[in-house]
Amino acid sequence: MTGDKAIRWATIGAVTVVAIVAGWVSYRHALHVVSEHGETGWLARAYPLTIDGVIVAASMVLLTAARQQTRAHPLAYTALVLGITATVAVNVAAGLAFGVVGAVIAGWPAPALVISFELLMIVVRSLAAAPPGDETANGLGGSGPVLTQVARDAEEAARFALAASMAAGNPISGRQLETRFGLTRSQATKVRQSVLAASNGHATEETRPETGDHDVRAQ
C-alpha cells in the first residue's frame, strides 16, 4: 500500500469511527430532549434523524463536489449550518442538567463529526488535484514514457482532460466540459465521442487528437 492510500484509508477509518460514535451519542441526546418535550413513540425515535440526517446529507453533497472538483450548491452549506446549529443546541440542552461541563461534553459530538468530514474533504481535494504518477495519467492507456500533452485549443484541452479523468476512474461530465472549457453542447458531445472511440481502439483520423512533436514532450 502506497503512502497516499494509507493516508486515505486511515482518514476514512477515523471519520467512520467518529461518525458512528458521535452519531449514536447525538441521537441519544436528541431522543432524550424531544421525549422530555412532548414527543412520544415512533415520532420521538424518528425525530433525531431529521437533525443529524441533514448534516450527513449536506456533508455527502460537499464531499461529492470535492471529488469532482466543482463548486457545491449553496443549499448544501446552508443545510450544514442549520444542521450543526440544531444538533449542537439539542446536545447542549441534554447536558445542561449536569451543569456547564456536562453541556460542553454533550455538545462535542456535533463539531467532532463536522470537523472529521471537513478533514476527509481536504484529503479528497488534495488527491483529486495531485497529478497522476503512472503512465496511464496521460490518457493514452499504454506503457512507455510519461508524456506531457500541450493542447492547442479548448476542444483539444477538453479531450486531454476527459481522457485523463477516465483513466483516473472519475470521468468529467458533459456539463463540466462545457463550463470549464467554454464548449458548446455539440462540441462537448464531439469531444466525448472522440475520447470514447480512442479508448475503445476505434479512433479515426477525424476523431484522434493530433499529437505531433510540437505538442508532445517525453519526460
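Gln-176 counts as buried because its relative accessibility is 12%, where buried means under 20% relative accessible area, exposed over 50% and partly exposed in between, with a 1.4 Å probe and protein chains only. This residue sits in helix α7. Setting aside neighbours within four places in sequence, Gln-176 is in contact (heavy atoms within 4.5 Å) with Gln-68, Thr-70 and Phe-181.

A word on what you're looking at. This is a predicted model, in which local features need pLDDT of at least 70 and side-chain atom pairs count only at pLDDT 80 or more, while totals for chains, interfaces and linings use all residues. Residues are numbered from 1 along each chain as its sequence is written, and side-chain values use heavy atoms, with hydrogens and water left out.

Now for the overall layout. The protein has 8 helices and 2 strands, taken as DSSP runs numbered from the N terminus (H or I for helices, at least four residues; E for strands, at least two). Starting at the N terminus, the order is α-α-α-α-α-β-α-α-α-β. Of the 219 residues, 31% are buried. Among contacts with a separation of 6 or more, 60% join residues 24 or more positions apart.

Next, the interior. A nonpolar core here is a set of buried Ala, Val, Leu, Ile, Met, Phe, Trp, Tyr and Cys residues joined through side-chain atoms within 4.5 Å. The largest one has 16 residues, and Ile-55, Leu-62, Leu-80 and Leu-113 touch the most other members. At least two residues of this core come from each of α1 (3–36), α2 (41–68), α3 (74–95) and α5 (109–129). Leu-80 touches Ile-55, Ala-58, Ser-59 and Leu-62, not counting residues up to four places away in sequence. Apart from the largest core lies another, of 9 residues, including Leu-162, Leu-177, Val-191 and Val-195.

Stay with helix α3 for a moment, since Val-90 lies in it. Val-90 counts as buried because its relative accessibility is 13%. Beyond four places in sequence, Val-90 touches Ala-30, Val-33 and Ile-51. Val-90 and Ile-51 are 39 residues apart in sequence, and their C-alpha atoms are 9.3 Å apart in space.

How do the helices pack? Helix α3 and helix α4 (residues 99–107) meet at an angle of about 145°, with their axes 7 Å apart; axes are lines fitted to C-alpha atoms, for helices over the stretch in contact, and angles run from 0 to 180 degrees between N-to-C directions. On the α3 side the contact uses Asn-91, Val-92 and Gly-95, and on the α4 side Gly-99, Gly-102, Ala-103, Ala-106 and Gly-107. Back at α7 (residues 174–181), its axis and that of helix α8 (residues 185–199) come within 9 Å and cross at roughly 115°. Gly-174, Leu-177 and Glu-178 of α7 meet Arg-185, Ala-188, Val-191 and Arg-192 of α8.

Finally, confidence. The average pLDDT (the predictor's confidence in each residue, from 0 to 100) is 75, and 77% of the residues score at least 70. Confidence is highest in α3, at 88, and lowest in strand β2 (residues 216–218), at a mean of 40. Residues 132–148 stay under 50, as do residues 203–219. Where pLDDT is low, the predicted coordinates should not be read in detail.
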